[in-house]
Amino acid sequence: MNSFFLVAAALSAGTCLIHTFLGGREIAVPLLNATGLGPVPKYVSYYCWHIATIALAAMAIMFAVAAAYPQSWELGWTATGLAVSFCLLGVALPPLKKQSYKAMPQGWLFLPIACFGIAGGV
């Protein structure tokens, strides 16, 4: 059992739950209730919301499989690549858009996942 990938799986699952329940209430519901948005940007954004949910769940599953089956290490590295990418985007975007990390903290959630993924892969 690869405990680093296992921790990355648990953190990914936790991030998925935060995204789904807390983020859903704070972001997705107001998005759907927004009156100033046309239907195309509104529902494309909502579609992307669900893509993120699926990606987070898939990361948790990939890390869990890699933790339990060492021969599936490629899944762990794939999930790690996603975590690193999401972290870099989430850390770079707020300053680029003149937003605070308090308003957009999402990128930081991926840092420990990426670190545990890297540790599990080496």
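When I quote an angle between two helices today, the axes are lines fitted to C-alpha atoms over the stretch in contact, and the angle runs from 0 to 180 degrees between N-to-C directions. With that in hand, hello everyone, and let's look at this chain together. Please keep in mind throughout that this is a predicted model.

Let me start with the helix pair that the definition was for. Helix α2, residues 39-68, packs with helix α4, residues 106-121, at an angle of about 25 degrees, and their axes are 12 Å apart. Angles under 35 degrees count as roughly parallel, so α2 is roughly parallel to α4. The crossing of these two helices is left-handed. Who makes the contact? From α2 we have Leu56, Met59 and Phe63, and from α4 we have Phe110, Ile113 and Gly117. Sorted by class, that contact of α2 with α4 comes to five nonpolar residues, one polar residue and no charged ones.

Now let's step back to the whole chain. There are four helices and zero strands, and reading along the sequence you get the pattern α-α-α-α. The C-alpha atoms fill a box of roughly 50 × 25 × 20 Å along the principal axes. Of the 122 residues in the chain, 30% are buried. And if you take the contacts between residues at least 6 apart in sequence, 63% of them join residues at least 24 apart.

Next, a residue from α1. Thr15 sits in that helix, which covers residues 3-33. Is Thr15 buried or exposed? Its relative accessibility is 7%, and the cut-off for buried is under 20%, so Thr15 counts as buried. Setting aside neighbours within four places in sequence, Thr15 is in contact with Leu56, Leu109, Phe110 and Ile113. You may recognise some of those names: Leu56 of α2, together with Phe110 and Ile113 of α4, also takes part in the contact of α2 with α4.

For another view of α2, take Ile51, which lies in that helix. At 40% relative accessibility, Ile51 counts as partly exposed. Ile51 and Leu11 are 40 residues apart in sequence, and their C-alpha atoms are 18 Å apart in space.

On to the rings, which I enjoyed looking at. A pair of aromatic rings is described by the distance of the centres and the angle of the planes. How many aromatic pairs does the structure hold? The count is four, and I'll show you two of them.

One of the four is Phe4 with Phe116: the ring centres are 6.3 Å apart and the planes sit at 35 degrees, so this pair is tilted. That pair links distant parts of the chain, with Phe4 in helix α1 and Phe116 in helix α4, 112 residues apart. Phe4 is partly exposed, with a relative accessible area of 41%, and Phe116 is partly exposed too, at 29%.

The other pair I picked is Phe86 with Phe110. Here the centres are 5.3 Å apart with 70 degrees between the planes, and the pair is edge-to-face. Phe86 lies in helix α3, residues 73-96, and Phe110 in helix α4, 24 residues apart, so again distant parts of the chain are linked. Phe86 counts as partly exposed at 28% relative accessibility, whereas Phe110 counts as buried at 9%. So Phe110 turns up several times: Phe110 pairs with Phe86, is in contact with Thr15, and is one of the α4 residues in the contact with α2.

Two more stops before we finish. Where is Lys98 found? Lys98 is in the loop between α3 and α4. Lys98 has a positive phi of about 55 degrees although it is not a glycine, and with a relative accessible area of 75%, Lys98 is exposed.

Finally, let's go to the start of the chain. Asn2 lies in the segment before α1. At 19% relative accessibility, and with the cut-off for buried at under 20%, Asn2 counts as buried. Not counting residues up to four places away in sequence, Asn2 touches Ala66, Ala67 and Gly120. Asn2 and Trp73 are 71 residues apart in sequence, with 9.6 Å between their C-alpha atoms in space.

That's my tour, so thanks for listening, and I'm happy to turn back to any of these spots on the screen.

Methods: Residues are numbered from 1 along each chain as its sequence is written. This is a predicted model: local features need pLDDT of at least 70, side-chain atom pairs count only at pLDDT 80 or more; totals for chains, interfaces and linings use all residues. Side-chain values use heavy atoms; hydrogens and water are left out. Buried means under 20% relative accessible area, exposed over 50%, partly exposed in between (1.4 Å probe, protein chains only). Contact means heavy atoms within 4.5 Å. Angles under 35 degrees count as roughly parallel, over 145 as roughly antiparallel, 65 to 115 as roughly perpendicular and the rest as oblique. A crossing is left-handed if the near helix is turned anticlockwise from the far one by less than a right angle, and right-handed if clockwise. Ala, Val, Leu, Ile, Met, Phe, Trp, Tyr, Cys and Pro count as nonpolar, Asp, Glu, Lys and Arg as charged, and the others, Gly among them, as polar. Rings of Phe, Tyr and Trp (its six-membered ring) pair if their centres lie within 6.5 Å; planes under 30 degrees apart count as stacked, over 60 as edge-to-face and the rest as tilted.
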